[in-house]
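Here is a short report on one protein chain. Look at the sequence and the model first, then read on.

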Amino acid sequence: LPLESKPKVTVKKDGKFFNVPAASFVNPTHAGFLHKQHLGTLKRGGARRWCVLANFFLYVYKSPSDDVALDKIQLPGYTIKEGSGKLQFRADHPMGKKSHVFQAESAEEKERWMLVTAMATVMEDLSEDVKIKQAKSRKLFD
């Protein structure tokens with residue numbers, strides 16, 4: 001990509017924020033709410049965040065209407081595993097990168113998120129057939 005067409009990154013004192021509007025994704029692999037937990041904190045449930053999986057990255061927003069992502073996780077290299085809670089799953093990296101713990105809002109959503117994020121970790125994308133079926137079934141999960 002030409003340098004001027006790359007998204008701008010806004011850096012804040014307390015971390016990086018990525019200037020990629022949540023609504024800008026056309027046909028992402030998957031999108032929906034997850035509770036994102038921070039390892040080492042006692043807070044239960046985690047913050048409810050809008051997550052978008054696209055191009056092997058998981059973008060994390062406060063809401064679907066946000067213009068700036070709070071986090072952008074490059075999934076290749078991570079391992080997706082069951083979490084300690086019923087609806088939890090985690091993304092761990094063998095090279096010591098930050099681990100991430102997520103909690104879905106239903107068992108079906110947990111299964112779906114685990115499938116699509118696991119595929120992204122090995123840089124496999126869903127086929128168009130699966131994307132079409134997924135889009136048709138979204139009414140059940142929204």
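## Glu 105 and its partner

In this predicted model, Glu 105 is partly exposed, with a relative accessible area of 41%. That value is not under 20%, so Glu 105 does not count as buried, and it is not over 50%, so Glu 105 does not count as exposed either. Which side chain does Glu 105 meet in a salt bridge? The partner is Arg 48, at 2.6 Å from N to O. The two residues sit in distant parts of the chain, 57 residues apart. Arg 48 belongs to strand β4, residues 47–54. Glu 105 lies in the loop between β9 (100–103) and α1 (107–121).

Arg 48 has a relative accessibility of 40%, so it counts as partly exposed. Side chains of opposite charge can pair when their charged atoms come close. The structure holds 6 salt bridges, and the pair of Arg 48 and Glu 105 is one of them.

## A network of three

Now turn to Asp 92. Which residues are linked with Asp 92 in a network of salt bridges? They are Lys 81 and Arg 90. The side chains of Lys 81 and Asp 92 meet at 3.5 Å, N to O. This pair links distant parts of the chain, with their positions 11 residues apart in the numbering: Lys 81 is in strand β7 (residues 79–82) and Asp 92 is in strand β8 (residues 88–92). Asp 92 also forms a salt bridge with Arg 90, at 2.9 Å, N to O.

Is Asp 92 buried or exposed? Asp 92 has a relative accessibility of 12%, which is under 20%, so Asp 92 counts as buried. Its two partners are partly exposed: Lys 81 has a relative accessible area of 41%, and Arg 90 has one of 25%.

## A buried glutamate in helix α1

Glu 109 is placed in helix α1. Its relative accessibility is 9%, so Glu 109 counts as buried. What does the side chain of Glu 109 contact? A polar contact of 3.3 Å joins it to the side chain of His 30.

## Empty space inside

Rolling a probe the size of a water molecule over the atoms shows where empty space is left. How many cavities of 30 Å³ or more does a search of the whole structure find? It finds 2. The second largest cavity has a volume of about 40 Å³.

Its lining is made of Leu 58, Ile 73, Leu 75, Ile 80, Phe 89, Ala 91, Phe 102 and Thr 117. Sorted by class, 7 of these residues are nonpolar and 1 is polar. No charged residue lines the second largest cavity. Thr is not on the nonpolar or charged lists, so Thr 117 is the polar one.

## Two asparagines with positive phi

Next come two backbone angles. Asn 27 has a positive phi of about 55°, although it is not a glycine. Where is Asn 27 found? Asn 27 is in the loop between β2 (15–18) and β3 (30–37). Its relative accessible area is 47%, so Asn 27 is partly exposed.

Asn 55 also has a positive phi, near 55°, and is a residue other than glycine. Asn 55 lies in the loop between β4 and β5 (57–61). At 61% relative accessibility, which is over 50%, Asn 55 counts as exposed.

Terms used:
Residues are numbered from 1 along each chain as its sequence is written. This is a predicted model: local features need pLDDT of at least 70, side-chain atom pairs count only at pLDDT 80 or more; totals for chains, interfaces and linings use all residues. Side-chain values use heavy atoms; hydrogens and water are left out. A salt bridge is a side-chain nitrogen of Lys or Arg within 4 Å of a carboxyl oxygen of Asp or Glu. Helices (H or I, at least four residues) and strands (E, at least two) are DSSP runs, numbered from the N terminus. Buried means under 20% relative accessible area, exposed over 50%, partly exposed in between (1.4 Å probe, protein chains only). On a 1 Å grid over the protein atoms alone, a cavity is a set of points where a 1.4 Å probe fits but cannot get out, and a pocket is an open set with protein on both sides within 12 Å along at least five of seven lines; lining residues have an atom within 4 Å of a point. Grid points are joined across faces, edges and corners, and a volume is the space filled by probe spheres set on the points. A polar contact is a pair of N or O atoms within 3.5 Å; within protein, one must be able to donate a hydrogen and the other to accept it, and residues adjacent in sequence count only if both atoms are side-chain atoms.
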